[in-house]
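Visitor: Please show me the structure. I would then like to ask about its strands, its ligand and its interior.

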Amino acid sequence: MQLIACVDQNWGIGRNGNLLFRLPADMKFFRATTIHQTVVMGGNTFRSLPGSKPLPNRDNVVLSTTLPPGDNYLVVRTLNDLLAVLRRISDQDSIFIAGGEQIYRALLPYCDRAVITKVGANGNADRFFPNLDQHPEWSLSGDVTHQHDSGYNLTFCHYIYKGGKENETIS
Ligand SMILES: NC(=O)c1ccc[n+]([C@@H]2O[C@H](COP(=O)([O-])OP(=O)(O)OC[C@H]3O[C@@H](n4cnc5c(N)ncnc54)[C@H](OP(=O)(O)O)[C@@H]3O)[C@@H](O)[C@H]2O)c1
């Protein structure tokens with residue numbers, strides 16, 4: 001399983017229930033990376049989507065105690081139920097943990113990769129992704145690529161779980 005997030009220079013991801021930046025290039029990257037895959041999100045992130053509608057052309061799984069069931073997304077009520085649903089997906093690399101903070105923190109121990117877009121700016125966030133640069137069990141992997149978008153410098157990075165302790169397994 002992989003996490004996917006866009007973070008600012010402080011690993012901030014959101015403020016007042018919304019994203020920190022409007023970045024068409026990163027949105028395009030997110031869509032291209034997750035299209036036809038499974039995206040997993042928390043109730044707050046789902047409610048922040050346009051019209052509170054699921055992301056199209058993806059299997060949306062939402063962890064929420066309050067969200068009513070919907071036709072084109074799956075709601076699960078507990079972390080254990082979520083893990084049971086994800087365990088049944090044969091291609092574990094097709095699962096993307098898409099936020100927000102509560103969901104990233106809960107699922108990080110079950111993931112072995114993270115796809116991170118870094119924005120070279122301070123978005124004054126009130127929600128954060130765990131800082132993988134300071135995490136002893138994670139390391140930056142391979143090449144990074146750079147792009148300018150809407151006046152911001154973006155760096156596209158991949159992190160991998162390198163161990164230190166056995167990561168949790170959902171199988
Ligand atoms: N930059 C990025 O890449 C990125 C990506 C995604 C989101 N974000 C941002 O992140 C922020 C939202 O993050 P957040 O931490 O506030 O919310 P969140 O993680 O999206 O959702 C939290 C909600 O998930 C449900 N939940 C969490 N743990 C649960 C559990 N163990 N069992 C059942 N339900 C559980 C609850 O929903 P209910 O209240 O419905 O029960 C809880 O209120 C927003 O600002 C959003 O824009 C940023």
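Guide: Two strands pair if DSSP finds at least two bridges between them. Helices (H or I, at least four residues) and strands (E, at least two) are DSSP runs, numbered from the N terminus. The model is predicted: local features need pLDDT of at least 70 and side-chain atom pairs count only at pLDDT 80 or more, while totals for chains, interfaces and linings use all residues. Residues are numbered from 1 along each chain as its sequence is written, and side-chain values use heavy atoms, with hydrogens and water left out.

Visitor: Which residue of β11 is the bridge partner of Leu140?

Guide: Strand β10 covers residues 138–149 and strand β11 covers residues 152–161. The two pair in the antiparallel sense over nine bridges. In β11, the bridge partner of Leu140 is Tyr159.

Visitor: Which residue takes a positive phi in the hairpin of β10 and β11?

Guide: Most residues other than glycine have a negative phi. The hairpin of β10 and β11 has two residues between the strands. The positive phi, near 55°, belongs to Ser150.

Visitor: Where else does a residue that is not a glycine have a positive phi, and what is the relative accessibility of Trp11?

Guide: Asn57, in the loop between α2 (43–48) and β5, has a positive phi of about 60°. Asn57 is partly exposed, with a relative accessible area of 46%; buried means under 20% relative accessible area, exposed over 50%, and partly exposed in between (1.4 Å probe, protein chains only). Trp11, in the loop between β1 and β2, has a positive phi of about 65°. Trp11 counts as buried because its relative accessibility is 4%.

Visitor: Which strands stand at the edges of the open sheet that includes β2?

Guide: Three strands form this open sheet in the order β3-β2-β9, with antiparallel pairing. Each edge strand has a single partner, so one side of it is left without a neighbour in the sheet. These edge strands are β3 (18–19) and β9 (127–128).

Visitor: Which residue of β3 is the bridge partner of Gly14?

Guide: Strand β2, residues 12–15, pairs with β3 in the antiparallel sense over two bridges. In β3, the bridge partner of Gly14 is Leu19.

Visitor: Which residues of β4 point the other way from Thr38, Val40 and Gly42?

Guide: In a regular strand the side chains alternate between the two faces of the sheet. Strand β4 (residues 38–42) has five of its five residues buried. Thr38, Val40 and Gly42 point one way, and pointing the other way are Val39 and Met41.

Visitor: Which residue of β5 is the bridge partner of Met41?

Guide: β4 and β5 pair in the parallel sense over five bridges. In β5, the partner of Met41 is Val62.

Visitor: How much of the ligand's exposed area does the protein bury?

Guide: 26 residues surround the ligand, each with a heavy atom within 4 Å of it; among the closest are Thr45 and Ser64. Polar contacts (pairs of N or O atoms within 3.5 Å; within protein, one must be able to donate a hydrogen and the other to accept it, and residues adjacent in sequence count only if both atoms are side-chain atoms) reach oxygen atoms of the ligand from the side chain of Thr66 at 2.6 Å, the backbone of Gln102 at 3.0 Å and the side chain of Arg127 at 2.7 Å. Taken alone, the ligand exposes 930 Å² (Shrake-Rupley method, 1.4 Å probe; for residues, only the protein chains shown count as cover), of which the protein buries 85%.

Visitor: Which element gives the most to the largest nonpolar core?

Guide: A nonpolar core is a set of buried Ala, Val, Leu, Ile, Met, Phe, Trp, Tyr and Cys residues joined through side-chain atoms within 4.5 Å. The largest one has 29 residues, of which Leu3, Ile97, Phe129 and Trp138 touch the most other members. Among the elements that each supply at least two residues are β1 (2–7), β8 (113–119) and β11. With four residues, the element that gives the most is α3.

Visitor: How many disulfides does a search of the whole structure find?

Guide: A disulfide is a pair of cysteine sulfur atoms within 2.5 Å. The sulfur of Cys157 is 11 Å from the closest cysteine sulfur, in Cys6, and therefore too far for a bond. Cys157 is buried, with a relative accessible area of 3%. The number of disulfides found is zero.

Visitor: What is the distance from the side chain of Gln2 to the backbone oxygen of Asp93?

Guide: Gln2 is found in strand β1. Gln2 is buried, with a relative accessible area of 7%. Its side chain reaches the backbone oxygen of Asp93 at 2.9 Å.
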